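Visitor: Could you pick one part of this structure and take me through it closely? I would like to see how its pieces fit together, residue by residue where that helps.

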Amino acid sequence: MSKQIAGWIMDRNLRAFLELLSRYVGYAFDDTDWATVEDGVQDTDDEKPDGWYSYPLAGTHATLDVSLARSVGSEVLSVSVTGAETLELRLRTDTLLSAFAGT
């Protein structure tokens with residue numbers, strides 16, 4: 001089992017984060033995916049164990065489970081990714097989290 005990669009991003013960066021992460025696993029993230037995720041994260045709360053929303057990115061290279069929750073009262077989304085089995089994918093995931101945390 002792979003290690004969890006966790007962090008946070010600004011909510012305005014969620015779509016770009018998921019689109020790039022999807023490319024790395026060979027998944028074609030589209031408008032339908034985006035509408036599903038956008039709706040799914042609306043009532044999330046990162047302080048509640050059952051307040052998270054999970055979305056799978058099942059690509060041709062890997063399958064990731066992306067869990068998301070809003071930090072209530074802010075523009076921050078907590079993110080947790082599991083399934084990154086290779087060092088390269090773990091590094092890319094961690095880099096995306098860092099890049100989208102502040103922009």
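Guide: Gladly! Let's start where strand 1 meets strand 4 (residues 76-82): the two run antiparallel and are joined by 6 bridges. Please keep in mind that this is a predicted model. Within this pairing, Met 10 sits opposite Val 76 of strand 4.

Now step back to the whole sheet. It is open and built of 4 strands in the order 1-4-3-2, with antiparallel pairing. Strand 1 (5-10) and strand 2 (53-58) are at the edges with a single partner strand each, so one side of each has no neighbour in the sheet. From one strand to the next, the twist averages 25 degrees.

Helix 1 (residues 14-25) packs on this sheet, touching strand 1, strand 2, strand 3 (63-70) and strand 4. Its direction makes about 170 degrees with that of strand 3. Helix 2 (residues 31-40), in turn, lies across strand 2 and strand 3, and runs at about 160 degrees to strand 2.

Strand 2 deserves a slower look. A hairpin of 4 residues leads from strand 2 to strand 3, and 6 bridges join these two antiparallel strands. Here Tyr 53 stands opposite Leu 68 of strand 3. In a regular strand, side chains alternate between the two faces of the sheet. Strand 2 shows such an alternation: Tyr 53, Tyr 55 and Leu 57 point to one face and are buried, whereas Ser 54, Pro 56 and Ala 58 point to the other and are not.

That brings us to the aromatic rings, of which the structure holds 2 pairs. One is formed by Phe 17 and Phe 100, edge-to-face, at 6.5 Å centre to centre and with 85 degrees between the planes. Phe 17 belongs to helix 1 and Phe 100 to helix 3 (residues 87-101), so this pair ties together parts that lie 83 residues apart in sequence. Both partners can be checked for burial: Phe 17 counts as buried at 0% relative accessibility, and Phe 100 counts as buried at 13%. Back in strand 2, the rings of Tyr 53 and Tyr 55 make a stacked pair, because their centres are 6.4 Å apart and their planes at 25 degrees. Tyr 53 has 18% relative accessibility and therefore counts as buried, under the 20% limit; Tyr 55, at 12%, is buried too.

These contacts lead into the core. The largest nonpolar core has 26 residues, and Leu 14, Phe 17, Val 37, Leu 57 and Val 66 touch the most other members. Strand 1, helix 1, helix 2, strand 2, strand 3, strand 4 and helix 3 each supply at least two of its residues. Helix 1 gives the largest share, 5 residues. For Val 66, the contacts beyond four places in sequence include Phe 17, Leu 18 and Leu 21, as well as Tyr 53, Tyr 55 and Leu 57.

Val 66 also touches Ser 80, a residue of strand 4 and a good place to finish. Ser 80 is buried, with a relative accessible area of 9%. Its side chain makes a polar contact of 2.4 Å with that of Gln 4. Beyond four places in sequence, the residues touched by Ser 80 include Ile 5, Ala 6, Trp 52, Asp 65 and Ser 67.

Conventions. Residues numbered from 1 in each chain as written. Predicted model: local features only at pLDDT ≥ 70, side-chain atom pairs only at ≥ 80, totals over all residues. Heavy atoms only, no water. Pairing = 2+ DSSP bridges. Axes fitted to C-alpha atoms, helices over the stretch in contact; angles between N-to-C directions. Contact = heavy atoms within 4.5 Å. Phe/Tyr/Trp six-rings, centres within 6.5 Å; stacked < 30°, edge-to-face > 60°. Buried < 20%, exposed > 50% of the residue type's maximum accessible area, 1.4 Å probe, protein only. Core = buried A, V, L, I, M, F, W, Y, C linked by side-chain atoms within 4.5 Å. Polar contact = N/O pair within 3.5 Å; in protein donor to acceptor, adjacent residues only side chain to side chain.
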